[in-house]
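Please take a moment with the sequence and the 3D structure shown below before reading on. The paragraphs after it are meant for a reader who has not met this structure before.

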Amino acid sequence: MTDIVPQLVDWYDREQRDLPWRRPDVSPWQVLVSEFMLQQTPVARVEPVWRAWVARWPTPSATAAASAADVLRAWGKLGYPRRAKRLHECATVIATDFGDAVPSDVETLLTLPGIGAYTARAVACFAYRRRVPVVDTNVRRVVARAVHGRADAAPSSSPRDLADVEALLPDEALAPKFSIALMELGATVCTARAPRCASCPLSVCAWRSRGFPASTAPARRVQRYAGTDRQVRGRLLDVLRGRDSPVTRAELDVVWLSDTAQRDRALDSLLVDGLVEQTADGRFALAGEGD
DNA sequence: CACTCGTGGGG
DNA sequence: TCCCCAAGAGT
């Protein structure tokens, strides 16, 4: 197969987006913060929150010193607030157990809260220039198309995905740029819907050479949102983010009147997740309010 | 492995 | 309008 490395790297040099966490003066911790925020949240929404976040809390220890409630407020409406809680926990572990320095090896990173297979490799590669395969949804889609000639990635099978990318990965000097370029291609050209193949820098693509066969994967279950517990949790948390002192149960109840059992279940799950706490007098607040 | 967990912009 | 889905992780 034609070597895609120079094609991809040259394209990235020309076309890369100017994202703040890619700049050379950004610390490993700040890269890690960006990776937490980018888990399932689009770049455009992350950017302003990341800027404010790293200006306010530039290090793990600074983040750990903040209250959980302030962390949840700074997270704002990025979604999946458990990520904010895990980021706070991650900062605490790094500050206390690792001398305020983000670990650089994948194995250690994987032991930290909120860091899984993707984020561990992204930090090792992008923050520490390690030659490790970085596999996210964009990379899996690009490899499925360009290498395997399929419209979509197969359901995630980590070992095989890692091996696929490992086979493409150049030497250490070029590996980080290659991996970020692969992700960038998937994010801006080889997109899930309406890929812009006319703008693709790859001279060889198995999917194209096979005539763009349609997806054979069974239609994915739609991820409904309206009416789910997640929506109720979102509304409850939105009330608490806007208040700096505990609120009564009645003030929370008004956000979801149609199904009181569901509302109770959602509030209970927020307590279980440690995102919300109940005061001695029975009112509710963001976890860690007042810490 | 299947499922849960927020939010909002674009096709 | 409605639906898809966006740099995943944990259970």
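What follows goes through the salt bridges, then the surface near DNA strand B, and then one residue of helix 13.

This is a predicted model, in which local features need pLDDT of at least 70 and side-chain atom pairs count only at pLDDT 80 or more, while totals for chains, interfaces and linings use all residues. Residues are numbered from 1 along each chain as its sequence is written, chains are lettered from A and ligands numbered from 1 in the order in which they are written, and side-chain values use heavy atoms, with hydrogens and water left out.

Side chains of opposite charge can pair when their charged atoms come close. A salt bridge here is a side-chain nitrogen of Lys or Arg within 4 Å of a carboxyl oxygen of Asp or Glu, and by this rule the count comes to 24 salt bridges. One of them joins the side chains of Glu 89 and Lys 85, with 3.3 Å from N to O. Both residues belong to helix 6 (residues 82–97), where Glu 89 and Lys 85 are four residues apart, about one turn of the helix; helices are DSSP runs of H or I with at least four residues, numbered from the N terminus. Glu 89 is partly exposed at a relative accessible area of 32%, and Lys 85 is partly exposed at 27%, where buried means under 20% relative accessible area, exposed over 50%, and partly exposed in between, with a 1.4 Å probe and protein chains only.

A salt bridge also forms between Arg 265 and Asp 229, whose closest N and O atoms are 2.8 Å apart. Because Arg 265 lies in helix 15 (residues 260–272) and Asp 229 in helix 13 (residues 229–241), this pair ties together parts that are 36 residues apart in sequence. Arg 265 is partly exposed, with a relative accessible area of 45%, and Asp 229 is partly exposed as well, with 25%.

Helix 15 also holds Asp 264, whose side chain meets that of Arg 249 in a salt bridge of 2.6 Å, N to O. This pair links distant parts of the chain, since Arg 249 is in helix 14 (residues 249–253), 15 residues apart from Asp 264. Arg 56, Asp 70, Arg 73 and Glu 289, in turn, are joined into one network by salt bridges that share partners.

Which residues come nearest to DNA strand B? Of the 19 residues around the strand, they are Thr 41, Arg 45, Tyr 80, Pro 81 and Arg 233, a residue being near a strand if one of its heavy atoms lies within 4 Å of it. Helix 6 and helix 13 each supply at least two residues of this surface, and the largest share, five residues, comes from helix 13. Of the atoms of DNA strand B within 4 Å of the protein, 56% belong to sugar or phosphate and the rest to bases.

Individual atom pairs add detail to this picture. A base nitrogen of DNA strand B is 2.9 Å from a polar backbone atom of Leu 78, whereas a sugar or linking oxygen of the strand is 2.9 Å from an N or O atom in the side chain of Arg 82. For Arg 241, a side-chain N or O atom is 3.5 Å from a phosphate oxygen of DNA strand B.

Helix 13 also contains Gln 231, which counts as buried at 16% relative accessibility. Leaving aside its neighbours within four places in sequence, Gln 231 is in contact (heavy atoms within 4.5 Å) with Tyr 225, Ala 226 and Trp 256.

Terms used:
Polar contact = N/O pair within 3.5 Å; in protein donor to acceptor, adjacent residues only side chain to side chain.
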